[in-house]
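Please load the model in your viewer and keep the selection tool at hand. We will walk through it stop by stop.

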Amino acid sequence: MKFIKIFASLFVVLTLCTSATIINKQKGIYIVGVSASFTDSLIYFTPVQWVDSVKLDKNKLIPFREQYSDQLDDYLEKQQGMKDRTCFIYFGTKKGKLENMIQKMKNKYQKKGGVALKEVGADFKFTKAAGY
C-alpha cells in the first residue's frame, strides 16, 4: 500500500512538471497584418502567421509591436510600390480566435461596399522583432 501511494505521488508530480514545461515552451504568437490607405479603396490582409519565440508582456501586448507593422509597411512600400499606407497588426495566442476576428472584419468591409479586399503576397513573412 505504501508503495502505491509513493508511486501515485511521483506520477502526479511528474505529470505536473511535464505539463508546466510544455506550457512554457510554447512561446510565440499569431499575427495578421492589415494595410489601408485614405487615398484608395484597397485594403490588404496578410495570412495568419506564426512568429516563434515571441511572448506577451505582463499587459498581454507584444513587446516592440510597432516593428511588426513597420515590416508590413516596408514590404508594401519597397516591394510593391504602395506609398502612404497605414499598417496595423492584430495578434493572439490562438489561431482560431484570430481567424474569426479577421473574418468578421472582412465581412463588415464587404457589407459596406466600395472597398476591395486583397491578400498580401505569399512572399511576405513577419520576422521576430529586433530587441528580443
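In which helix is the place of Asp70? Select Asp70 and you will land in helix α2, which covers residues 66-79. Helices (H or I, at least four residues) and strands (E, at least two) are DSSP runs here, numbered from the N terminus.

A word on the ground rules before moving on. This is a predicted model, in which local features need pLDDT of at least 70 and side-chain atom pairs count only at pLDDT 80 or more, while totals for chains, interfaces and linings use all residues. Residues are numbered from 1 along each chain as its sequence is written, and side-chain values use heavy atoms, with hydrogens and water left out.

**Stop 1: around Asp70**

Stay on Asp70 and show its surface. Asp70 is partly exposed, with a relative accessible area of 41%. In this tour, buried means under 20% relative accessible area, exposed means over 50%, and partly exposed lies in between (1.4 Å probe, protein chains only). The areas come from the Shrake-Rupley method with a 1.4 Å probe, and for residues only the protein chains shown count as cover.

Next, add Glu66, Asp74, Glu77 and Asp84 to the selection: together with Asp70 they form a negative surface patch. Patches are made of residues with over 30% relative accessible area and no salt bridge, with like charges joined within 9 Å and nonpolar side chains (Val, Leu, Ile, Met, Phe, Trp, Tyr) within 5 Å. Asp and Glu count as negative and Lys and Arg as positive, whereas His and the chain ends are not counted. To check the spacing yourself, take the place of a charge as NZ of Lys, CZ of Arg, CG of Asp or CD of Glu.

Now draw a C-alpha to C-alpha distance from Asp70 to Phe88. The two are 8.5 Å apart in space and 18 residues apart in sequence.

**Stop 2: the whole chain**

Zoom out and color by secondary structure. You should find three helices and five strands, running α-β-β-β-α-β-α-β from the N terminus on. Of the 132 residues of the chain, 27% count as buried.

**Stop 3: the strands**

Select strand β1 (residues 28-36) and strand β2 (residues 42-45), which run antiparallel and are joined by two bridges. Two strands pair if DSSP finds at least two bridges between them. β1 and β2 form a hairpin with five residues between them. To see one pairing, pick Ser35, whose bridge partner in β2 is Tyr44.

Which strand does β2 run parallel to? Highlight β5 (residues 116-119), joined to β2 by four bridges. Here Ile43 stands opposite Leu117 in β5.

Then go back to β1 and bring in β3, which runs antiparallel to β1 and is joined to it by four bridges. Ile29 has Val51 as its bridge partner in β3.

In a regular strand the side chains alternate between the two faces of the sheet. Show the side chains of β3 (residues 49-52): Gln49 and Val51 make up the covered face, and Trp50 and Asp52 the uncovered one.

**Stop 4: two salt bridges**

How many salt bridges are there by the rule used here? The count comes to two, a salt bridge being a side-chain nitrogen of Lys or Arg within 4 Å of a carboxyl oxygen of Asp or Glu.

Select Asp40 and Arg85, whose side chains meet in a salt bridge (3.2 Å, N to O). This pair links distant parts of the chain, 45 residues apart: Asp40 is in the loop between β1 and β2, and Arg85 in the loop between α2 and β4 (86-92). Asp40 is partly exposed at 35% relative accessibility, whereas Arg85 is buried at 8%.

For the other one, select Glu119 and Lys106, with their closest N and O atoms 3.0 Å apart. Glu119 lies in strand β5 and Lys106 in helix α3 (residues 95-112), so the pair ties together parts that are 13 residues apart in sequence. Glu119 is partly exposed, at 46%, while Lys106 is buried, at 17%.

**Stop 5: two positive phi angles**

Finish in the loop between β3 and α2, where Ser53 is found. Phi of Ser53 is near 65°, a positive value in a residue other than glycine, and Ser53 counts as partly exposed at 37% relative accessibility.

Lys60 lies in the loop between β3 and α2 too. Lys60 has a positive phi of about 60° although it is not a glycine, and at 64% relative accessibility it counts as exposed.
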